[in-house]
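I opened this one with no background at all. These are my notes, in the order I looked things up.

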Amino acid sequence: MDLKSGYPFWAVKNGLMHAFPPLQEDLRCDVAIIGGGITGALVADELAAHGHDVAVVDQRDIGWGSTSASTALLQYEIDTHMVDLAKRYGEDNAVLAYRACADAIDLVAAKAGDIRDVDFARMRSLYYASKRRHRRDLEDEFALRKRHGFEVEWLDGGRVKADYGFDAPGAILSAKAARIDPYRMAYRLLARLQKRGGAVHDRTPIARIEVDDRGATLTSNDGATIKAKHLVMAAGYASQQFLRKKVAKNRSSYAFITDPIDAGTLGALKDTMVWESARPYLYMRTTGDGRLLVGGDDDSVDIPARRDAQVDRKARKLADKVAELFPDVPLEPAFAWAGTFAETDDGLPWIGVSPDHGRRLLFAMAYGGNGITYSMLGAGLLRALVERRKHPLQGIFGFER
Ligand SMILES: Cc1cc2nc3c(=O)[nH]c(=O)nc-3n(C[C@H](O)[C@H](O)[C@H](O)COP(=O)(O)OP(=O)(O)OC[C@H]3O[C@@H](n4cnc5c(N)ncnc54)[C@H](O)[C@@H]3O)c2cc1C
């Protein structure tokens, strides 16, 4: 399936950053990873850093799946409120999930500092009530997060207007959030892995997978094989085809990016990402070169040709919505695109061993609006499973829940 429409900014901006050869010879390794997007790259990096011999394969060019379409806001705030997660899984689990996502931002920060030059920056996050009737839910959400020590501040309508210049009934301001160029990060991590002796092969579709209780054999379209003790399925939305039960719904999400805007005009937007309580939500954040990246208006379109046809109209609609909030910001889309986006019904990922396969096949399905923070956490969780250790997130991010 084609995972994106239009011109995803990261792919245009960065181009093909590095040449990885297609797989032409049989190889053996400890862990084979299907998928060279941000998830496969983070998992491979974590495993390789801890002495595991890894091989990454992707059917496209590296990063050319949904990673190239991602708007890459890094938030600990899951699409499902902590209050709602607590009702479903208990308060301890809800806090565990939120805290892990907050920690993931520090983990990505450390990794970005190490690999460098991936447009990482820490930001704040403003989550505003789109309607008066949402205010109460946001106040409850704020109170629960505050009680558990999250660094949040409640802004009433007056403060939102004074600090951000638009009208809203209230908002949660979180001190912890960040942004990154996920495509660049995936490329740089995988190029480093290759330099250090790891195998990275793109333009290598895997046509057959056999898994038993001793390991996995992958066969490419051209007949080359990889034999591994473990297989990590980081194939993005394609991973679902290996499960009997449907665990997520595919949706399309739309985005556009402006030309660089001067810091004075961006004002508080420069280092605060903004999103709202309506669903699907409108969201925006800046890039290092001062562009405004806007996304939202998700729909259930899952047919690439239909999605392609929507891109310009959706970009205009998003720009009109932002103009209502920030009339002084120039909002002409320089590039607009759409991407496939999977949603789970609780907003959490599926990371670990599935009930359909043995422990040699590990899934890294970092779905939802927090996909990249989930990938970061998934890397640690999957390493623990490969090393046969327990991990605190297994019960809430795994198939056990
Ligand atoms: C428009 C949009 C906005 C988003 N915004 C955010 C956001 O603000 N914050 C956030 O955290 N997340 C966001 N996400 C989600 C985030 O982008 C995803 O979670 C992330 O890109 C998933 O990365 P991945 O590596 O798992 O998947 P992908 O990047 O899709 O990589 C999977 C790879 O597997 C390969 N593959 C599949 N099948 C095979 C096979 N048989 N053989 C070989 N290779 C195979 C594919 O070619 C692909 O490259 C957004 C997504 C979209 C589309």
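**Entry 1: a lysine in a helix.** I started with Lys 314, which lies in helix H9 (residues 304-325). My helices (H or I, at least four residues) and strands (E, at least two) are DSSP runs, numbered from the N terminus. Is Lys 314 buried or exposed? It counts as buried because it has 27 C-beta neighbours inside 10 Å. I call a residue buried if 20 or more other C-beta atoms lie within 10 Å of its own, exposed if 12 or fewer, and partly exposed in between, with C-beta atoms placed from the backbone. Leaving aside neighbours within four places in sequence, I found Lys 314 in contact with Tyr 254, Asp 297 and Ala 338. Contact here means that the C-beta atoms of two residues, placed from the backbone, lie within 7 Å. I also checked Lys 314 against Ser 253: they are 61 residues apart in sequence and 9.5 Å apart in space, C-alpha to C-alpha.

**Entry 2: what kind of model.** Note to self: this is a predicted model, where local features need pLDDT of at least 70 and side-chain atom pairs count only at pLDDT 80 or more, while totals for chains, interfaces and linings use all residues. Residues are numbered from 1 along each chain as its sequence is written.

**Entry 3: the whole chain.** I counted 11 helices and 18 strands in the protein chain. Along its principal axes, the C-alpha trace spans about 65 × 45 × 40 Å. The radius of gyration is 21 Å, which agrees with the value near 21 Å for a compact globule of 401 residues. That radius is taken over C-alpha atoms, and the globule rule is 2.2 Å times the number of residues to the power 0.38. Buried residues make up 52% of the 401. Of the contacts with a separation of 6 or more, 74% are between residues 24 or more positions apart.

**Entry 4: two domains.** The chain divides into domain 1 (4-69 + 183-247 + 347-397) and domain 2 (121-177 + 249-343); the bounds come from an automatic or database domain assignment. Their C-alpha centres lie 29 Å apart. The contact takes 12 residues from domain 1 and 14 residues from domain 2. On the domain 1 side, strand S1 (4-6) and helix H1 (9-14) are the elements that give two or more residues. S1 has the largest share there, 3 residues. By class I get 7 nonpolar, 4 polar and 1 charged on that side. For the classes, Ala, Val, Leu, Ile, Met, Phe, Trp, Tyr, Cys and Pro count as nonpolar, Asp, Glu, Lys and Arg as charged, and the others, Gly among them, as polar.

**Entry 5: the ligand.** How many residues surround the ligand? I got 39, and the closest are Gly 37, Gly 65, Gly 236, Gly 339 and Gly 371. A residue is near the ligand if its C-beta atom, placed from the backbone, lies within 6 Å of it. The shell divides into 17 nonpolar, 20 polar and 2 charged residues. Helix H2 (38-49), strand S12 (249-257), strand S16 (335-343) and helix H10 (371-386) each supply at least two of them. Each of the two domains gives the shell at least three residues.

**Entry 6: helix H7.** The 14 residues of H7 (residues 182-195) should span 20 Å at 1.5 Å a residue, and the end C-alpha atoms are 20 Å apart, which agrees. The expected span is 1.5 Å times one less than the number of residues. H7 is mostly covered, with 10 of its 14 residues buried; among them are Tyr 183, Met 185 and Leu 193. The cover includes H1, H2 and H10. Just after H7, Gly 197 takes a positive phi of about 105 degrees.

**Entry 7: backbone oddities.** Most residues other than glycine have a negative phi, and most peptide bonds are trans. Asp 119, in the loop between helix H4 (91-115) and strand S5 (121-128), has a positive phi near 55 degrees. Arg 203 also has a positive phi, about 50 degrees, and sits in the loop between strand S8 (199-201) and strand S9 (206-212). Arg 203 is partly exposed because 17 other C-beta atoms lie within 10 Å. Finally, a cis peptide bond joins Arg 279 and Pro 280, with omega about -10 degrees.
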